[in-house]
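Here is a set of questions and answers to be read beside the structure, each answer working towards the name or value asked for.

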Amino acid sequence: MVRSVFADTSIEKYLDNLIEHNEFSYGIIIGQATRQGKDSVIHLAKTSEGLPNDNSDDSSKDSTVQQLEVVNVKGINSEVLVDHALSVLRMIPGSFFVLGIFVASPQNVFDNSEDFKHLKTVLQQLVEVLKTENTNNYGCSDEFDGGEKLIFHYAGKRSSTCKTTNVYDLSKSGGGKPVDWKFQDKATQWQEFETIYDMDDIYNLQKSADATYDIEENFDVALKSIQTKLNASVVFLDGEEPVTNPTDSVEQFLKQKKSRDKDVNTSTVHGSIYYLCDKIDDNDRVIKYNGTANYSGIVCSKVWVAGKQPIEDVEKFIKIDILRSVTSRLRMYVDAHHQSGQFTLVSEPPRRVFFKLKSSPVMFSDYLFRGESHDTIITQAQTHMDIHLDKQNIVDDIETMSDEICYEEDIPVENVGKKPTTTPKKSNNRVIYAMGIMCAVGILLISVGVHVLLNSDNEEN
């Protein structure tokens, strides 16, 4: 059976614009794969290559970028493409994956065997990084496509070719398998699922071999624990028990809901996550740690699923989205502290902000630190997704700003999500403790004095 890919006509207009203004463009295919071989492409993100402009002064080198012109397939840099894919992965919901790469150029990339070979190698390197180095992001769609990734070439209307290649066996992939790529108006009907994940976990801080605290290592330990807890959890949709027929499509699930309640609103289906508390064994040892990290707050998850997709995949997408969101925030938090050089200062990681696509009900997202404006989202969307945003397309009230709390610099606590739980100020506690101790000492001295006086009176009598 030939694999099918459905993409909205707005994507075709985007490609036509690339062809009109550039001789050669390439980038990443973002979409939702299915085990049935009928995939949906939601967006194509063009990759831009650049390096610091050496003609600028030192103060502006970090912000000035001189674009490099890539004129053919051989000029594609796999490292630049991988970095771009990692940035894109942070911005897409957990129901979408990097399905492959695209090229827009007058010359067909499949006509030249060397060009096609280079594209397969680049694609293999991309998948390797997504699979091995970023497991918490779940960037690979292998579960759905078996490692068959897309290579799409567009040369203008009525002139496009798409093939798949197995990145785990390039020697046997040959010239690739043909794919039936179709542009259609409203190619896919998307259903929105929204879930709130409430976090309130405390993790012991562990020291490295050199007896120092490594913030990244401790984050990885926490992420693995969160991943384990999520994998063992159960997702209820709209407060109901887990679906009885997991192989039913999303469309069938919605029809059943409407048949039970004709007034039900299915524009957005709300999910709830339930998980068992950790079991404490009788023989567990008590281990002394010098510090703890508190992950407290609320993570908002939004995923969009095609109507033909099995309802059992919705639960997977929700969990993937939560893990991607938590991982992205912690990575951004670490990068920010690398730049500042401070790792003991306790502060909040960024909150999630969504932005709408003009031709689709689907929303992508990015993250804002306290003090950053919508301009940051607009810049990031244009840089990584090649999306030109207006401020009215940004939805920033799904995760609200957390209350600003003053912490001491020596308290190793991390807050994830929104509305973190507040802790009393240590300085106030110390004053209270000091006053209590002083009062106790005073009472003790008075008691001793009274006792001495009474004894002396008795001796005189």
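**Burial, cores and local geometry**

Of the 461 residues of this protein, 48% count as buried; the model is a predicted one.

Q: How many helices and strands does the protein have?
A: Among contacts with a separation of 6 or more, 74% are between residues 24 or more positions apart. The elements of the protein are 10 helices and 16 strands.

Q: Which helix gives the largest share of the largest nonpolar core?
A: The largest nonpolar core has 56 residues, and those with the most contacts inside it are Leu15, Ile29, Phe152, Trp181 and Phe193. The largest share of this core, 10 residues, is supplied by residues 312-340, that is, by helix H8.

Q: How many residues are in the other core that lies apart from it?
A: This second core lies apart from the largest one and includes Cys140, Phe355, Phe364 and Met385. Its number of residues is 54.

Q: Which cysteine is in contact with phenylalanine 152 when neighbours within four places in sequence are left aside?
A: With those neighbours left aside, the contacts of phenylalanine 152 include Leu15, Ile29, Trp181 and Phe183, and also Ser160 and Thr161. The cysteine in contact with phenylalanine 152 is Cys162.

Q: Is cysteine 300 buried or exposed, and how many disulfides are counted?
A: A residue is called buried when its relative accessible area is under 20%. Cysteine 300 has a relative accessibility of 2% and therefore counts as buried, and cysteine 162, at 4%, counts as buried too. A disulfide is a covalent bond between the sulfur atoms of two cysteines. The count of disulfides in this model is zero.

Q: Why are the buried residues of helix H7 on the same side of H7?
A: The buried residues of H7, which spans residues 250-260, are Val250, Phe253, Leu254 and Lys257. They are on the same side of H7 because the arc they cover around the axis is only 95°. On the other side of H7, the exposed residues are Lys255 and Ser259. The value that places the buried residues together is thus the arc of 95°.

Q: In which sense does strand S10 pair with strand S12?
A: Strand S11 (residues 234-237) is joined to S12 by four bridges and runs antiparallel to it, with leucine 237 opposite glycine 271. Strand S10 (residues 190-204) also pairs with S12 (residues 268-274), and here glutamate 192 stands opposite threonine 268. The pairing of S10 with S12, over four bridges, is parallel.

Q: Which residue has its backbone oxygen 2.6 Å from a polar atom of the side chain of histidine 84?
A: Histidine 84 is placed in helix H2 (residues 78-91) and counts as buried because its relative accessibility is 7%. Leaving aside neighbours within four places in sequence, its contacts include Ile28, Ala45, Lys46 and Thr47. The backbone oxygen that lies 2.6 Å from a polar atom of the histidine 84 side chain belongs to histidine 384.

Q: What is the phi of aspartate 386?
A: Most residues other than glycine have a negative phi. Lysine 186, in the loop between S9 and S10, has a positive phi of about 50° although it is not a glycine, and counts as exposed because its relative accessibility is 68%. Aspartate 386 lies in the loop between helix H9 and strand S16 and is buried, with a relative accessible area of 18%. The phi of aspartate 386 is positive, at about 55°.

Note on methods: Residues numbered from 1 in each chain as written. Predicted model: local features only at pLDDT ≥ 70, side-chain atom pairs only at ≥ 80, totals over all residues. Heavy atoms only, no water. Helix = DSSP H or I, 4+ residues; strand = E, 2+ residues; numbered from the N terminus. Buried < 20%, exposed > 50% of the residue type's maximum accessible area, 1.4 Å probe, protein only. Polar contact = N/O pair within 3.5 Å; in protein donor to acceptor, adjacent residues only side chain to side chain. Contact = heavy atoms within 4.5 Å. Pairing = 2+ DSSP bridges. Arc of directions from axis to C-beta. Disulfide = S-S within 2.5 Å. Core = buried A, V, L, I, M, F, W, Y, C linked by side-chain atoms within 4.5 Å.
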